[in-house]
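The following exercises are intended for a reader who meets this structure for the first time. Each task is followed by a solution in steps.

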Amino acid sequence: MDNKEVLLLKKALERQKKARIQAEQILEQKSKELYDVTRHLQGVNERLEYLLNEKASELDGVFINIIDPYVVMDLDFNVINMNASAKEFLGYDHTTASINLAALVHKDYVEYTAHSMKSLMEIGTLKNYRAKIMVKDGTEKFVQINSSLIYDKENNPIAAQGIIRDITKEWETKELLRQQKKQLDIIVENSPLGIVLTDRGRIIKTNSTFRTMMGYKEGELQQKCVKDISSPEDVENSASLMEEMNTGKLDNFTVVKKYVRKDRSEFLAKTAVSAFKNREGKVEYQVAMIEDITEQRSLELQKEKLLKELEHSNKGLQEYAHIVSHDLKSPLRSISALATWLSEDHKHVLNEQGVNNLVMMQEKIEAMDSLIDGVLKYSSIDIGSLEIGRIDLNAIVNNIREIIFVPEHVRIVMLNPLPEIQADHTRIHQLFQNIISNAVNHIEADKGLVTVSSKETATHWHFKIEDNGVGIPEEYHKKIFEVFQSLNSQQHSTGIGLSIVKKIVDLYEGEISLQSEVAKGTVFNFSIKKL
Amino acid sequence: MNILFIEDDAIESLKLHRTITKLGMRHKIQNAHNGEEALAMLNSSDQPPDLILLDLNMPRMNGIEFLEVLKQDEKLKYLPTIILTTSRNRADLLECFRIGIAGYIIKPLKYAEYESKLKRVLEYWEINELVKG
């Protein structure tokens with residue numbers, strides 16, 4: 001080895017030494033760094049572990065302290081964990097028995113639940129799942145659940161957690177409201193009246209009755225205003241009434257107005273409008289009830305016309321009866337006068353038979369005169385106007401005692417004080433007079449007695465007039481109330497008296513009947529409806 | 001008294017005359033057969049009657065129509081007018097009293113009663129102070 005060579009080797013060695021020192025130095029530095037990092041990492045780790053512990057216990061606290069029922073389940077609905085509130089609500093405890101939540105779902109919600117679960121798996125969260133479930137004691141609960149998935153470190157879903165809210169009460173209230181609304185709708189929709197809800201003239205809601213009346217389909221009326229469907233002649237009046245309602249002067253009003261159908265035809269309707277006010281007393285809506293009165297109105301008009309015609313013809317009839325009776329009575333008066341003069345002026349040339357004939361003639365004239373009177377009275381009963389007033393029947397009977405001929409041996413007695421009634425004086429007087437005079441006229445006993453008594457029921461006054469006269473054979477009991485049925489040929493018996501009685505009793509919606517025995521007497525029972 | 005008797009029936013007229021004669025009364029009777037005739041008489045005469053006896057049912061102008069005209073006349077309205085009729089029609093009775101009458105007598109069926117009624121009416125009016133002229 002030469003020097004050069006040795007030198008080269010020495011240099012190389014030198015370089016190697018240097019490099020090694022350098023390397024050692026780097027190594028030393030790196031290992032220090034590594035040590036530091038490790039130390040640092042150790043510290044971080046410790047902190048992390050601490051934090052984790054902290055969070056875990058925090059979570060535990062949260063889990064326990066959640067007031068609402070809280071449940072964690074696996075993806076097959078098996079409960080993994082639940083809080084006390086959940087245990088209480090569901091009635092189950094996962095630590096004592098396994099619980100499958102899907103089994104609690106009401107059958108109506110099974111499909112919905114499956115669908116919701118799918119959505120949870122896809123999105124990771126599920127909001128406002130609402131279903132009916134059956135808890136352990138068998139009661140049905142309506143619940144709302146907000147839920148989210150739990151993932152493992154590889155981000156695979158492994159479980160789901162959810163907070164349950166018991167909305168049974170809320171749901172029941174809603175259900176009740178829904179039912180009530182349904183019932184209300186049934187009433188509104190089936191009402192024979194058209195019903196319209198408006199807000200300051202704008203139509204908000206109508207029922208089907210109204211739409212049918214108007215010939216519109218559902219929804220077609222919603223954009224319209226009341227004046228669009230009212231006849232122009234009525235718009236002004238309705239508007240001014242509506243204004244009074246909106247300013248609070250009126251709470252409700254009723255008008256009869258014309259509406260215009262979709263086909264432009266019109267109909268007359270009675271409309272009752274009421275204001276619906278809010279809490280501040282401001283008018284919020286108007287509710288109108290509409291009744292089609294076209295037919296009713298035409299019937300009313302027809303009735304009015306008929307009534308007028310009837311009134312007219314009644315008046316005419318009464319006039320006619322008076323004229324006929326006058327025209328019949330006048331010549332009777334002349335004949336009577338002439339017959340009287342004949343017997344006065346020619347007494348000396350008339351023999352007994354002649355005088356008798358004239359007397360008989362006068363009797364016939366009298367009979368005819370009272371017949372005409374009777375017919376006039378009979379025909380006036382229902383065509384004359386009734387003048388209703390208070391009538392003291394005691395006074396009536398007393399008056400009758402004075403104006404009819406009562407023989408000395410006959411007494412008219414009231415068995416009880418008679419009532420005061422509401423009726424037409426003339427007709428009631430006629431009624432009592434005809435029966436009483438009929439009784440008085442047919443008494444043949446030595447001591448005649450006619451008694452009058454009364455009784456009251458809820459609807460009628462009942463009267464009884466009894467005599468001890470000749471009586472009426474039974475075969476005539478029905479006939480006696482018919483016109484012109486006289487049982488004997490007494491001159492002042494026209495046969496109209498009792499038919500007038502019957503007609504007056506009919507007029508007062510009463511009944512009349514008689515009991516009678518020949519030679520014993522007669523009882524008339526009749527009633528008059530109270531007014 | 002001067003009596004204006006407004007009546008279309010001849011026998012009624014006989015009845016009145018006979019009654020006055022029989023009672024020995026000395027009243028002067030003028031007979032008109034309907035309202036129109038009576039008005040013509042009243043308007044043409046210088047001397048109005050003291051009393052009018054008026055029938056209601058008459059041809060041409062009936063009693064009530066006559067009465068209405070009479071009561072609208074400034075002079076004639078003072079004439080006491082007594083209705084003498086067969087009509088018991090209450091409507092007529094009310095209408096007559098409404099317009100203004102001095103009496104409403106229903107003609108009775110029997111002549112004897114007629115006499116006694118007329119006697120009382122005429123005697124009553126005889127003692128009354130009458131609006132002469």
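**Exercise 1. Helix H11 of chain A**

Task: State which residues of H11(A) are buried, and determine what covers them.

Solution. The model is a predicted one. The buried residues of H11(A) are Gly497(A), Leu498(A), Ser499(A), Ile500(A), Val501(A), Lys502(A), Lys503(A), Ile504(A) and Val505(A). A residue counts as buried if 20 or more other C-beta atoms lie within 10 Å of its own. Nine of the eleven residues of H11(A) meet this condition, so the helix is largely enclosed by the rest of the structure. The cover over these residues includes H8, H10, strand E16 (512-517) and E17 of chain A. Just after H11(A), Glu509(A) adopts a positive phi of about 50°.

**Exercise 2. The length and packing of helix H8 of chain A**

Task: Compare the expected span of H8(A) with the distance between its end C-alpha atoms, and state what its buried residues pack against.

Solution. Helix H8(A) covers residues 352-380, which is 29 residues. The expected span is 1.5 Å times one less than the number of residues. For H8(A) the result is 42 Å, and the end C-alpha atoms are 42 Å apart, so the two agree. The buried residues of this helix are Asp369(A), Ile372(A), Leu376(A), Lys377(A), Tyr378(A) and Ser380(A). They pack against helix H7 (294-345), H10 and H11 of chain A.

**Exercise 3. The largest nonpolar core**

Task: Identify the residues that touch the most other members of the largest nonpolar core, and the element that gives the largest share of it.

Solution. The core has 36 residues, and those touching the most other members are Val397(A), Phe432(A), Ile435(A), Ile436(A), Ile465(A), Val501(A) and Ile504(A). Among the elements of chain A that give two or more residues to it are helix H9 (393-403), helix H10 (425-441), helix H11 (497-507) and strand E15 (460-467). The largest share, six residues, comes from H10(A). Val397(A) may serve as an example: leaving out residues up to four places away in sequence, it touches Ile412(A), Met414(A), Leu418(A), Phe432(A) and Val452(A). Another core, of 22 residues, lies apart from this one and includes Met82(A), Leu120(A), Tyr129(A) and Val143(A).

**Exercise 4. Three single residues of chain A**

Task: Decide whether Gly162(A), Arg200(A) and Arg264(A) are buried or exposed.

Solution. Gly162(A) lies in strand E5 (residues 157-166) of chain A. It has 21 C-beta neighbours inside 10 Å and therefore counts as buried. Beyond its neighbours within four places in sequence, Gly162(A) is in contact with Val71(A), Ile145(A), Asn146(A) and Ser147(A).

Arg200(A) belongs to the loop between strand E6 (194-199) and strand E7 (202-206) of chain A. It counts as exposed because it has 12 C-beta neighbours inside 10 Å. Its phi is near 50°, a positive value in a residue other than glycine.

Arg264(A) is in the loop between strand E8 (252-260) and strand E9 (266-277) of chain A. With 7 C-beta neighbours inside 10 Å, Arg264(A) counts as exposed. Although not a glycine, Arg264(A) has a positive phi of about 75°.

**Exercise 5. The build of chain B**

Task: Give the order of the elements of chain B, and describe how H2(B) lies with respect to H3(B).

Solution. Chain B has five helices and five strands. Read from the N terminus, its elements follow the order β-α-β-α-β-α-β-α-β-α. Of its 133 residues, 29% count as buried. Helix H2 (residues 35-44) and helix H3 (residues 63-72) of chain B pack at an angle of about 30°, with their axes 9 Å apart. Angles under 35 degrees count as roughly parallel, so H2(B) is roughly parallel to H3(B). In this contact, H2(B) supplies Gly35(B), Ala38(B) and Leu39(B), while H3(B) supplies Gly63(B), Glu65(B), Phe66(B) and Val69(B). By class, these are four nonpolar, two polar and one charged residues.

**Exercise 6. Where the chains meet**

Task: State how many residues of chain B are in contact with chain A, and which elements of chain B contribute two or more of them.

Solution. Twelve residues of chain B are in contact with 14 residues of chain A. On the side of chain B, helix H1 (10-22) and helix H5 (111-126) each give two or more residues. The residues on this side divide into four nonpolar, four polar and four charged.

Note on methods: Residues are numbered from 1 along each chain as its sequence is written. Chains are lettered from A and ligands numbered from 1 in the order in which they are written. This is a predicted model: local features need pLDDT of at least 70, side-chain atom pairs count only at pLDDT 80 or more; totals for chains, interfaces and linings use all residues. Two residues are in contact if their C-beta atoms, placed from the backbone, lie within 7 Å. Helices (H or I, at least four residues) and strands (E, at least two) are DSSP runs, numbered from the N terminus. Ala, Val, Leu, Ile, Met, Phe, Trp, Tyr, Cys and Pro count as nonpolar, Asp, Glu, Lys and Arg as charged, and the others, Gly among them, as polar. Axes are lines fitted to C-alpha atoms, for helices over the stretch in contact, and angles run from 0 to 180 degrees between N-to-C directions. Angles under 35 degrees count as roughly parallel, over 145 as roughly antiparallel, 65 to 115 as roughly perpendicular and the rest as oblique. A nonpolar core is a set of buried Ala, Val, Leu, Ile, Met, Phe, Trp, Tyr and Cys residues joined through C-beta atoms within 7 Å.
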